[in-house]
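Dear colleague,

I am passing on a structure that I would like you to look through at your own pace. Please open it beside this message, and my notes on what was found in it follow below.

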Amino acid sequence: MSADLTWLLVKDNSCFLVKRSGVQFTTEPNNLTNLNSFKYSGLANNKVVGVSAASSGKGAVLTIKKQSISASKLIKAFQKVSIAGSSRRAGKVIANSTARSGYRADLRKAALGRLSAILAAQKPKKVTKRCGRSTLRK
């Protein structure tokens, strides 16, 4: 099925669709911005890029859809690469896999934004010691 036909079927009626305050969001997998648009759709496009948190709690998982897989083998259609280590290394992996290889260069910025949000959420929060009463008086 073509990507355009799939988008026409999915754009208004989908189990992933969330409509709030006149804006449509989606919770579908491999959608980098969670906006209900054809550009970011993980269901309608033939070339898909997804970034999600790793199950171990450290790092991220990059998901790319392979091209030469039939519709009956959807499990094997996605190639997942786990990225651990520094944020610079993870950024290079995502930039190389999306933009430089010619896969989906238009999703590079959104993928890097999703990666930085995931890595920021995984950092431990700083604990600050709270002082007693303030000593300033009027």
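**Overall picture**

The secondary structure of this protein comes to three helices and five strands, and, when it is read along the sequence, the order of these elements is α-β-β-β-β-β-α-α. The radius of gyration is 20 Å, well over the 14 Å that the globule rule gives for 138 residues, so the protein is more spread out than a compact globule. Please keep in mind throughout that this is a predicted model.

If you take the box along the principal axes, the C-alpha atoms fill roughly 75 × 40 × 25 Å. Of the 138 residues, 32% count as buried, while the protein exposes about 10,100 Å², of which carbon and sulfur atoms supply 55%. Among the contacts with a separation of 6 or more, 39% are accounted for by residues that stand 24 or more positions apart.

**The surroundings of N36**

Which part of the chain holds N36? You will find N36 in the loop between β2 (23-26) and β3 (49-53). Although a loop is its setting, N36 counts as buried, because its relative accessibility is 17% and the cut-off for buried is under 20%.

When its neighbours within four places in sequence are left aside, N36 is in contact with W7, K11, L17, Q24, F25 and T26. Two of these residues, K11 and Q24, deserve a second look in the viewer. The side chain of N36 reaches the backbone oxygen of K11 at 2.9 Å, and the C-alpha atoms of N36 and K11 are separated by 7.0 Å, although the two residues are 25 residues apart along the chain. With Q24, on the other hand, the link runs from side chain to side chain, as a polar contact of 2.8 Å.

**The salt bridge**

How many salt bridges does the count give? The count comes to one salt bridge, and in it the side chains of R104 and D106 meet, with 3.1 Å from N to O. Are these two residues buried or partly exposed? R104 is buried, since its relative accessible area is 11% and buried means under 20%, whereas D106, at 39% relative accessibility, counts as partly exposed, because that value lies between the 20% and 50% limits.

When you go through the model yourself, you might begin with N36 and its contacts and then turn to the pair R104 and D106.

With best wishes

Notes: Residues numbered from 1 in each chain as written. Predicted model: local features only at pLDDT ≥ 70, side-chain atom pairs only at ≥ 80, totals over all residues. Heavy atoms only, no water. Salt bridge = Lys/Arg side-chain N within 4 Å of Asp/Glu carboxyl O. Buried < 20%, exposed > 50% of the residue type's maximum accessible area, 1.4 Å probe, protein only. Helix = DSSP H or I, 4+ residues; strand = E, 2+ residues; numbered from the N terminus. Contact = heavy atoms within 4.5 Å. Polar contact = N/O pair within 3.5 Å; in protein donor to acceptor, adjacent residues only side chain to side chain. Rg over C-alpha atoms; globule rule 2.2 N^0.38 Å. Areas by Shrake-Rupley, 256 points an atom, 1.4 Å probe, with all protein chains shown as cover.
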